[in-house]
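Trainee: I keep seeing labels like "buried" and "antiparallel" and I'd like to know where they come from. Can we go through some together?

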Amino acid sequence: MIAAPEYSFSFWLTLSVLVIPLVASLSCFSIKQKIGWLAPLISSVLLLIASILAIVLFFQVSNSAEVSYSWVWFTLNQKEIAFSILLDSNTSIMILIVTVISFLVHLFSIGYMAEDQHQVRYFGMLGFFTFAMLGLVMSSNLLITFIFWELVGVSSYRLIAHYQEKESAIKAATKAFLLNKIGDLGFLIGLIIFWSWSGTLEIGDPNLLRIPAFWLTAAGVCIFIGVIGKSAQFPLFNWLPDAMEGPTPVSALIHAATMVAAGVFLLMRISNLFTEDVFMLIAITGSITTVAGAIGALFQFDIKKVLAYSTISQLGLMVMAMGAGAMQGGYFHLLHHAFFKAGLFLGAGAIIHAMHQNHQSNLDAQDIRNLGGLRKKLPVTFISFAICAAALAGIPFTSGFVSKELILTQMTTWAGNEISWRWIVMSSAWVVTLLTPIYTFRLIWFIFFSKPQHQHNVEEAPVIMRIPMIVLATGSLAILSSLSPIHISSAINLLQHSYPEINSKVSLASIVIIGIALAAAFYIFKNQEVKNQKLITPHFYLDVVSNYFMVLTLKLSEATKGGDKLIDSVIHGISYLQITFAHITGWADRYLVDGFVDGIAYSAKGVGAITRSLANGKIQSYLLWAMAGLVIFIVWILY
Amino acid sequence: MYLLSLLIFIPIGTALLALLIPSRLASSFRSIALGVSIVQVIILLLILSQYNYEGGFHLIEKIPWISIDLGSWGLLQAEYFVALDGLSLSMVALSVFILLIATISSWTIEKNRKGYFILLLILNGAIIGSFCALDFLLFYVFFEFMLLPMYFLIGIWGGVKREYASIKFFLYTLLGSILILIVIVALYISVKTPESSDRIVHTFNVLHMQDVNNLIPNSLLSLDSTKLLGSFSFRYWAFLLLFIGFIIKLPAVPFHTWLPDAHVEAPTPISVILAALLLKFGAYGLLRFAYPIFPDAAIHFSWFVGLIGLISIIYGALNALSSKDLKRLIAYSSVSHMGFVLLGIASATVEGITGAVYQMFSHGIISAMLFLIAGVLYDRTGDRMIGNYSGLASKMRNYSAFVLIAFFASMGLPGFAGFMGEVMIFFGAFQSSTVNGLIPTWMAITATLGLLLGAAYYLWTIQRMFYGPFSVKNVTSDLTDLDSREYIMLLPLALAALVFGVLPQLLLNYINPFASEFVNNLFQSGNVLTP
């Protein structure tokens, strides 16, 4: 039975934070096209209010521990499904980050999308996404989580397809939605398993664990399939690079900071439901993804695609951390990643924006080979981009270093001293520690340092776009999460976790590796002719597989079409048979039955002719026949 | 207060009166039809205010109808017996709502308005009558009464190949009706009223038929009957006949090929009624007649029923994917969605049955919306081929918004009614193997592929027709956005799809008692029957 919620201050606070973005979205959609310029203002102001409330909520929750609310949504088979909310320190900081980054992205979009024709739709969907994402974070009922999970997917679809006249954007949106849908089906089956065996979907309900071990593992695996889809893990990560067709601020918010991290967040939220086998699957999938993403990032020339592959790699790292006993590190990294990756994307957006402002030619502004030497022309963008990139690379004094440190430390403990499969998983974390600085350096070098191929007369982005970048870059500094640049143990204890003892060997090793990586990258890229670098498309042949499935499905659908033709031809055959039969019976009717009847008629006629001759109208002859009849009758009676 | 009778006979009576109005006054007929629909909405509201959420039947009206003494054969008895329970109430509410929308949608009909609207009114009464009837003979009369107006409405007001489509529709459904009629006769001679003591009183009362104690010993369909035909007893055969009779209506694969043709050729309002209401009789018949009357057979054949449901889901979705005609695509999506209903029924769990009824309701709303949307485009261009359009979103902004809503609602996006029904069906179908062991879990898991395919064919259609650069082939007329009449039709449907997706309890209040009673009765009598 679900207890009635207590309508306290933090309840109203939570509700407002959730509902304000929805209000922003609805008011955008209800604005007439003519006054479309109002949409960015309204939604940004509302999001600012939501962010302030989220900050209050965060402190409220960290003061008074957990907050939970529950409303019965509907009853099914006498069991209640509740719209329930659980706010602990992990949730409330995620809420804070989602609203703040969403607000910053709104702000940035005012400048970035200023000339767009469809601002109403853009800001409306952005608000709706924020609402759905907050719902996903707050919910502590798996069905509700799933519902918001799907809703963020739809808003992602709509925003990727924002430039809806562009063929590639629509295709990317469709692909993203379908690959996500595969994951979502996994999630749905997981839900179904939990419901069938335990009759509840409340995440905290102990009954969820009292189900047969096989089904517990199966449910865990299924839900993890959902995470694979949403958080772009192997083998469903191919949609994320394509999703870069959407507007750049959207990539920052949805495809870097929040939505794709939802899977990682979910893993943490329901980690108590996973069995050992599921954790193993999570760790291995994450390790494959993180290495594959880093390799992908090394070979891209599109600035957004480099960042997309880097996002895949970082998400893989987080997922691996979740599966490999480094849950705190993974979650910490999620929060940090949200800041520095959003900062990188906004920086990329500022660069693209600047290039578009000044180049009317068909120069591809996203190709880093066309950029170069922008350091002096876009100083603010450069500095903020560099800070965020340093955080991505895990350089000391940035937030990225702190959380990567924590992950490495915890994973080292997890891997143990004996050599096992865990060592392979752990080594992938080190490989990524090596690869990330290399591709990050490459990106920075090409954009800001290398000799430009073209003359750029670019100007810095307007203030409204610069502010979010500066805020995000500041947020990527280590000072915000840890007082000491390299010691996680002195982290500001916002999450009320207890942190493991710092392993100085791990710290030292990672600093050395990053140093080597940077030196190597400098050596590789310094003198390289960028144009000659060979392009490989690291889709890892996964597109081939998904295309193969698509072709197979279309062939199947042609087959079923043939099946319908077959059914119809059987039916037509039966009808023709029937018609033929009807013709035969018709013929028979006319010639046999009618013939028979006619025959009888003829014979009657013949008999009639005979009898008629008897009835010749003479009374004497009638009398004669009557007498004869009477005689016969009497004879018959007598004998 | 004979509310139900009023609901049924106001349209029929009006139709008869309207016959007297000369066809010169053509425009009066649509106002009359609209008036009737509005009166029906008011009556429906009165019914809802009187109905309480408890199980069982409400608003019962029972009047002797036919009573013939057959000498040694006993007494023939048929009643005018109408009532509502959770199942029929949700269907009646849906019907009233959809018929109102369909009447508004008929506003643009030009050809022989008198005939059209009179047939529409007869159809209206017959649909509601069949959902209320609890006497099998009465049901059958209403059921057949739907068939004929439908035949003419497609055959006269339809598209190019209307004759073929209407005769195909007619023959298919007639076949179904005959199968049902055979079982009605067999049931009639096997069931007596509980009141009949030494003198047997035969009855068509469905509630009597559902009680195994009313079976006449040693009759054709009695439990102890040892007569076999092939490998099945007569009871099993009777169930199969009813089952096939009703899944033709549903329609389920392989009895579905009348549906795409009928939809493609039918005028928009008739497509709406066909998809939203007439298809529901398939599932309604199973839930009201086939399952409760033959629970033993239903349990015996549930695996097979589930399989047909699963095949319909996948097969229908695949066919939708290969459709080049927008209306055909929507028609096949109906096959797929009704397959979910069949799967839910086959599971015979409370969740599954609740979900099946919910899905019937939500499909009624969403499919109506889909066909109206196809109609909007057809009205403007006379062309339904997906490949002939591109980038409509930039030209018809609001229309595309509604298309997006309808498509996402139909592919089962949470927040819309379709999702609720489907998720409950999945809950039921999956747990069937542990709760009652009727259908295996792989069926539920495979069925989720229907959702993936659903997303695929809808998104692909959006990609091809609505996004991309604007271009339209062979169209001369101007593509205008929605007019106010189209808003009046689409907006309430979109809102209904949303309301029943966000507040499922509104409908579950009615369905829950029905579903738990249904499952209880099924297994109580089912256990009596199968040792």
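Mentor: Let's take the labels one at a time and hold each value against its cut-off, keeping in mind that this is a predicted model.

Trainee: Okay, what makes Asn213(B) exposed?

Mentor: Count the C-beta atoms around it: Asn213(B) has 9 others within 10 Å. Exposed means 12 or fewer, so Asn213(B) gets that label. Its place is the loop between α7 (206–210) and β3 (228–229) of chain B. Pro194(B) is 19 residues away from Asn213(B) in sequence, and their C-alpha atoms are 8.0 Å apart.

Trainee: And why is Asp116(A) called partly exposed?

Mentor: Asp116(A) has 17 C-beta neighbours inside 10 Å. Exposed stops at 12 and buried begins at 20, so Asp116(A) falls in between and counts as partly exposed. You'll find Asp116(A) in the loop between α3 and α4 (119–138) of chain A. From Asp116(A) to Val98(A) is 18 residues along the chain and 25 Å between C-alpha atoms.

Trainee: How do you know that Leu76(A) is buried?

Mentor: Same test, other end: Leu76(A) has 26 other C-beta atoms within 10 Å. Buried needs 20 or more, so Leu76(A) passes. Leu76(A) belongs to strand β1 (residues 67–76) of chain A.

Trainee: Which residues is Leu76(A) in contact with, leaving aside neighbours within four places in sequence?

Mentor: They are Ile81(A), Glu351(B), Thr354(B) and Met424(B). By contrast, Leu374(A) sits 61 Å from Leu76(A), C-alpha to C-alpha, at 298 residues' distance in sequence.

Trainee: So how many residues does each chain put into the contact between A and B?

Mentor: Chain B gives 40 residues and chain A gives 36. On the chain B side, α20(B) gives the most, with 7 residues. By class, that side has 25 nonpolar, 14 polar and 1 charged residues.

Trainee: Now helices. What makes the length of α3 in chain A agree with expectation?

Mentor: Helix α3 (residues 89–112) has 24 residues, and at 1.5 Å a residue it should span 34 Å. The expected span uses one less than the number of residues. The end C-alpha atoms of α3(A) are 34 Å apart, so the two values agree. As for cover, 22 of the 24 residues of α3(A) are buried, which is mostly covered.

Trainee: Why are α5(B) and α6(B) called roughly antiparallel?

Mentor: Helix α5 (residues 136–157) and helix α6 (residues 162–190) of chain B have axes that cross at roughly 175 degrees and come within 9 Å. Angles over 145 count as roughly antiparallel, so α5(B) and α6(B) earn the name. Residues making the contact include Phe143(B) and Leu147(B) of α5(B), and Phe169(B) and Ile180(B) of α6(B). By class, this contact has 15 nonpolar, 4 polar and 3 charged residues.

Trainee: What makes the phi of Ala232(A) worth a look?

Mentor: Most residues other than glycine have a negative phi. Ala232(A) isn't a glycine, yet its phi is positive, about 50 degrees. Ala232(A) lies in the loop between α7 and α8 of chain A, and with 31 C-beta neighbours inside 10 Å it counts as buried. Ala348(B) also has a positive phi, near 50 degrees. That one is in the loop between α14 (326–347) and α15 (350–381) of chain B, and its 26 C-beta neighbours inside 10 Å make Ala348(B) buried.

Trainee: Where are the cis peptide bonds you mentioned earlier this week?

Mentor: One joins Phe234(A) and Pro235(A), with omega about 0 degrees. Another joins Leu250(B) and Pro251(B), with omega about -15 degrees. Most peptide bonds are trans. Pro235(A) is in the loop between α7 (213–230) and α8 (239–242) of chain A, while Pro251(B) is in the loop between α8 (234–249) and α9 (258–265) of chain B.

Trainee: Last one: how many residues are in the largest nonpolar core?

Mentor: It has 413 residues, and Ala368(B) is one of those with the most contacts inside it. Not counting residues up to four places away in sequence, Ala368(B) touches several residues, among them Ile98(B), Val272(B) and Leu493(B).

Definitions and conventions
Residues are numbered from 1 along each chain as its sequence is written. Chains are lettered from A and ligands numbered from 1 in the order in which they are written. This is a predicted model: local features need pLDDT of at least 70, side-chain atom pairs count only at pLDDT 80 or more; totals for chains, interfaces and linings use all residues. Helices (H or I, at least four residues) and strands (E, at least two) are DSSP runs, numbered from the N terminus. Axes are lines fitted to C-alpha atoms, for helices over the stretch in contact, and angles run from 0 to 180 degrees between N-to-C directions. Angles under 35 degrees count as roughly parallel, over 145 as roughly antiparallel, 65 to 115 as roughly perpendicular and the rest as oblique. Two residues are in contact if their C-beta atoms, placed from the backbone, lie within 7 Å. Ala, Val, Leu, Ile, Met, Phe, Trp, Tyr, Cys and Pro count as nonpolar, Asp, Glu, Lys and Arg as charged, and the others, Gly among them, as polar. A nonpolar core is a set of buried Ala, Val, Leu, Ile, Met, Phe, Trp, Tyr and Cys residues joined through C-beta atoms within 7 Å.
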